[in-house]
Amino acid sequence: MPKFLRLMIMTVVLCGLLISQQVFAQHWIPVRGGIPFGISGMALINQKNDQLDFLIVHDNKKANQGRLAIISFQGKNQPKYLPLNWQKNLQIPIDLEALTSIPDTNKSDFIAVNSQGKAYHFQLDTNKKNIYIFKEFDLPEITKNSNFESFCLQKIDNQLIAVWGHRGEGEQPAKIYWGKLNLTKYQINNVGSANFKVPFPGGNVRHISDLKIDSGGIVYITSANDSGDDGPFQSAVYIAGYLALRGDQIEWRQNQQLFSIYRDHYHKIEGLEFLPGAVGGLIVGTDDENMGSSAYIIGEL
């Protein structure tokens with residue numbers, strides 16, 4: 001191929017990417033304002049026509065601040081926000097950072113995890129605006145100074161696989177963990193781990209601010225730079241690698257040539273979820289501290 005033609009093709013592709021980024025920047029939808037309403041994790045609970053409903057967690061620490069809410073999107077309209085009540089006879093959690101639905105429960109059962117690795121298995125009752133806790137349990141192999149911001153479940157080859165991550169910070173790498181969850185015993189077995197760092201953002205970066213794993217074993221992660229309550233923020237989305245089952249063992253293959261599939265220079269992404277179907281893609285939610293929270297569908301036209 002002549003050099004000039006190659007240059008023209010590259011120019012068209014780069015222009016397309018730049019235009020796409022400019023268009024994408026216009027599609028962020030504000031959710032709520034203020035620090036107590038940042039999105040630290042999210043899980044899809046309903047997808048019908050042009051309506052999308054998500055369960056979200058807040059990383060609040062004070063007793064009078066919310067922990068869980070439902071946000072509902074109808075087209076491009078301002079989303080509705082429905083706060084949920086924590087079960088009254090149980091101690092309210094501190095610093096919830098991650099959320100996942102449990103496969104094969106019809107999006108009614110979930111596990112939320114706080115930054116110290118305590119997990120909460122609960123059921124959502126949307127009619128009464130309540131949740132019901134089944135069990136509290138700890139993630140395995142919690143080491144000193146661990147700070148967890150992600151936890152996800154997925155069925156692979158009919159086995160329930162858990163993936164979670166210590167966020168890391170700056171030059172300190174994150175750590176991805178994986179294992180098989182026995183939900184009857186609340187035990188995670190066959191645990192493995194690997195260090196993980198991203199090339200972007202730089203500075204005070206949290207290498208893993210959230211993650212999700214699809215049914216093919218592909219692990220997607222978000223990374224975010226936190227420069228304080230007023231920003232500025234930067235974020236990126238990566239394909240970190242994939243998990244596969246080899247007999248009783250789980251094999252992790254890390255992506256050795258990391259490149260971001262999405263970047264943002266204005267928001268701190270801490271929530272990630274899949275959107276299947278024709279309008280599919282990845283939806284991300286932010287914890288922009290004093291600026292509150294926003295959401296954006298990556299891949300939406």
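Visitor: In which strand does Q159 lie?
Guide: In this predicted model, the place to look is the secondary-structure element that holds the residue, and Q159 belongs to a strand. That strand is β11.

Visitor: Is Q159 buried, partly exposed or exposed?
Guide: The relative accessible area of Q159 comes to 26%. Buried requires a value under 20% and exposed a value over 50%, so with 26% Q159 counts as partly exposed.

Visitor: Which residues is Q159 in contact with, leaving aside its neighbours within four places in sequence?
Guide: With those sequence neighbours left aside, the contacts of Q159 include K180 and Q154. The full set for Q159 is Q154, K180, L245 and G247.

Visitor: What distance separates the C-alpha atoms of Q159 and D53?
Guide: Along the chain, Q159 and D53 are 106 residues apart. In space, the separation of their C-alpha atoms is 27 Å.

Visitor: Which residue stands opposite D53?
Guide: D53 is in β3, a strand comprising residues 51-57 that is joined to β2 by seven bridges, the two running antiparallel. The residue facing D53 is N46.

Visitor: Which strands are the edge strands of the open sheet formed by four strands?
Guide: The order in this open sheet is β2-β3-β4-β5, with antiparallel pairing. An edge strand here pairs on one side only, and that applies to β2 (41-48) and β5 (80-83).

Visitor: Which strand gives the most to the largest nonpolar core?
Guide: The largest nonpolar core has 24 residues, and V163, I176, W178, I221, L243 and W252 have the most contacts inside it. Several strands each supply at least two residues, among them β10 (148-156), β11 (159-166) and β16 (234-246). With five residues, the strand that gives the most to this core is β16.

Visitor: Where is the proline that follows the cis peptide bond from F200?
Guide: The peptide bond from F200 leads to P201 and is cis, with omega near 0°. P201 is found in the loop between β13 and β14.

Visitor: Is E289 buried or exposed?
Guide: E289 is not a glycine, yet has a positive phi of about 55°, and it lies in the loop between β20 (281-286) and β21 (293-298). Its relative accessible area is 12%, and because buried means under 20%, E289 is buried.

Terms used. Residues numbered from 1 in each chain as written. Predicted model: local features only at pLDDT ≥ 70, side-chain atom pairs only at ≥ 80, totals over all residues. Heavy atoms only, no water. Pairing = 2+ DSSP bridges. Core = buried A, V, L, I, M, F, W, Y, C linked by side-chain atoms within 4.5 Å. Buried < 20%, exposed > 50% of the residue type's maximum accessible area, 1.4 Å probe, protein only. Contact = heavy atoms within 4.5 Å.
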